[in-house]
Amino acid sequence: MPSGNVIRGARVGSAPVRPDERHQPAPRQDVTYWCRNDHRTDIRIAADAEPPGLWDCPRCGLPAGRDAQNPPGRVRAEPYKSHLAYVKERRTAEEGEALLAEALAALRRRRGE
């Protein structure tokens, strides 16, 4: 009796179907980006796509630009915000009090108070 871990239709050492026989790859373009630490990053994108102005360097994480002589500077990191800070940006104190009163009323109704 075979175990339940068998992948049907595949065997060890089998190779995938060669895709070049079935279709032509989309035309692509090579784009090179440079970061402030002089790291070079080459990416391939679709020929009809507009390359982004900035790309994150995979080695150091700094932003990279397309000009090797003048790479972009360090991006200022945003300070950490808690969930409450984001809620306070979206709601006024009066809206928060109204939501709290509504939630407490619903809780009291459920408890039968």
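Three short exercises on a predicted model follow, each with a worked solution.

Residues are numbered from 1 along each chain as its sequence is written. In this predicted model, local features need pLDDT of at least 70, side-chain atom pairs count only at pLDDT 80 or more, and totals for chains, interfaces and linings use all residues, while side-chain values use heavy atoms, without hydrogens and water.

**Exercise 1. Describe the overall fold and surface.**

Step 1. List the elements: the protein has two helices and four strands. Helices (H or I, at least four residues) and strands (E, at least two) are DSSP runs, numbered from the N terminus.
Step 2. Put them in sequence order: β-β-β-β-α-α.
Step 3. Check burial: 13% of the 113 residues are buried (under 20% relative accessible area, 1.4 Å probe, protein chains only).
Step 4. Check the surface: about 10,300 Å² is exposed, and carbon and sulfur atoms supply 51% of it.

**Exercise 2. Place Thr 41 and find what it touches.**

Step 1. Locate Thr 41: it sits in strand β2 (residues 40–46).
Step 2. Classify Thr 41: its relative accessible area is 7%, so it is buried.
Step 3. List its contacts (heavy atoms within 4.5 Å). Leaving out residues up to four places away in sequence, Thr 41 touches Val 31, Thr 32, Tyr 33, Trp 55, Cys 57 and Pro 58.

**Exercise 3. Test the length of helix α2, then look just past its end.**

Step 1. Count: helix α2 (residues 93–111) has 19 residues.
Step 2. Take the expected span, 1.5 Å times one less than the number of residues. For α2 this gives 27 Å.
Step 3. Compare: the end C-alpha atoms of α2 are 27 Å apart, so the two values agree.
Step 4. Move on: just after α2, Gly 112 takes a positive phi of about 80 degrees.

Note on methods:
Buried < 20%, exposed > 50% of the residue type's maximum accessible area, 1.4 Å probe, protein only. Areas by Shrake-Rupley, 256 points an atom, 1.4 Å probe, with all protein chains shown as cover.
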